[in-house]
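Colleague: Could you take me through one part of this model in detail, the second largest pocket, and then show me what surrounds it? I would enjoy a connected account rather than a list.

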Amino acid sequence: METTNEQRPSWDEYFMEVCRAIAKRATCNRWKSWCVIERDHQILVTWYVWAPRWLPHCDDVGHLLKEVKDEDGHVSQHCMRTVHAEQNAICQAAKLWISLDGATLYCKMTPCRACAMMIINCWIKRVICEKKYHAWAESEEMFKQVGIQLEFVHDEVEQY
């Protein structure tokens, strides 16, 4: 991630700060996730984790938790009521007819396999994550294979 010694934040720092503001709109209090997609220092789309359009949100009716066994054997509970922030942002771009070719995507943690495939197919060239996620080595490998630059602000693994 690019840095600067000035008082003024780098572009990466700036977009990650925007992400934190975006996350405040998330409708799953268990997981305040975000996504900002920009190109040439211009925000194209943003979104956060929330339920599909016209369906109830976690904050209103509770979580829809399912136990998931990750590829590394770790068992965790995931909320299935919401759509990932990356997917929501990509859907917003499609709705608004915005090409994401050559863009940079900022997100909370390593995208899941489904999000990674969408990111690849949108021709996004760079992904910046605040933290790693323990189960998504497959996503990291896919990005490497297709030449998408993947960077982490913090090298620690996201816990929830």
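Modeller: Happy to. One definition comes up front: a charge sits over a ring if NZ of Lys or CZ of Arg is within 6 Å of the ring centre and within 35 degrees of the ring normal. By that rule, the charged end of Lys 132 sits over the ring of Phe 152, at 5.0 Å from the ring centre. Please keep in mind throughout that this is a predicted model.

Now to the pocket you asked about. The second largest pocket holds about 190 Å³ of space. Its lining consists of Trp 47, Trp 50, Ala 51, Pro 52, Arg 53, Val 83, Asn 88, Cys 91, Gln 92 and Lys 95. By class, these lining residues divide into 6 nonpolar, 2 polar and 2 charged. Helix 3, which spans residues 85-95, gives the most to the lining, with 4 residues.

Trp 47, one of the lining residues, is a good way into the aromatic side of the model. The whole structure has 7 aromatic pairs. In one of them, the ring centres of Trp 47 and Tyr 48 are 4.9 Å apart and the planes are at 10 degrees; planes under 30 degrees apart count as stacked, so this pair is stacked. Both Trp 47 and Tyr 48 are buried.

Elsewhere, ring pairs join Trp 11, Tyr 14, Phe 15 and Tyr 106 into a cluster. Tyr 14 belongs to helix 1. Because its relative accessible area is 37%, between the 20% limit for buried and the 50% limit for exposed, Tyr 14 counts as partly exposed. From Tyr 14 to His 41 there are 27 residues along the chain, and their C-alpha atoms are separated by 9.8 Å.

Helix 3 also takes us from the pocket to the nonpolar interior. The largest nonpolar core has 39 residues, and those with the most contacts inside it are Ile 37, Leu 100, Leu 105, Ile 119, Ile 124 and Val 127. Helix 3 is among the elements that give two or more residues to this core, together with helix 1 (11-23), strand 1 (34-39), strand 2 (42-48), strand 5 (104-109), helix 4 (113-121), strand 6 (126-131) and helix 5 (137-146). Helix 1 provides the largest share of the core, 6 residues.

The loops beside these elements deserve a look too. In the loop between helix 1 and strand 1 we find Ala 26. Its relative accessibility is 4%, so Ala 26 counts as buried. Ala 26 and Ala 114 are 88 residues apart in sequence, with 20 Å between them in space, C-alpha to C-alpha.

For the backbone, a general point helps: most residues other than glycine have a negative phi. Asp 40, in the loop between strand 1 and strand 2, has a positive phi, near 55 degrees. Asp 40 counts as exposed because its relative accessibility is 70%. Trp 54 also has a positive phi, near 70 degrees. Trp 54 is placed in the loop between strand 2 and helix 2 (58-61). With a relative accessible area of 74%, Trp 54 is exposed, whereas Trp 47 is buried.

Technical notes. Residues numbered from 1 in each chain as written. Predicted model: local features only at pLDDT ≥ 70, side-chain atom pairs only at ≥ 80, totals over all residues. Heavy atoms only, no water. 1 Å grid on protein atoms, 1.4 Å probe; cavity = no way out; pocket = protein on both sides within 12 Å on 5 of 7 lines; lining within 4 Å. Points joined across faces, edges and corners; volume = space filled by probe spheres on them. Nonpolar A, V, L, I, M, F, W, Y, C, P; charged D, E, K, R; others polar. Phe/Tyr/Trp six-rings, centres within 6.5 Å; stacked < 30°, edge-to-face > 60°. Buried < 20%, exposed > 50% of the residue type's maximum accessible area, 1.4 Å probe, protein only. Core = buried A, V, L, I, M, F, W, Y, C linked by side-chain atoms within 4.5 Å.
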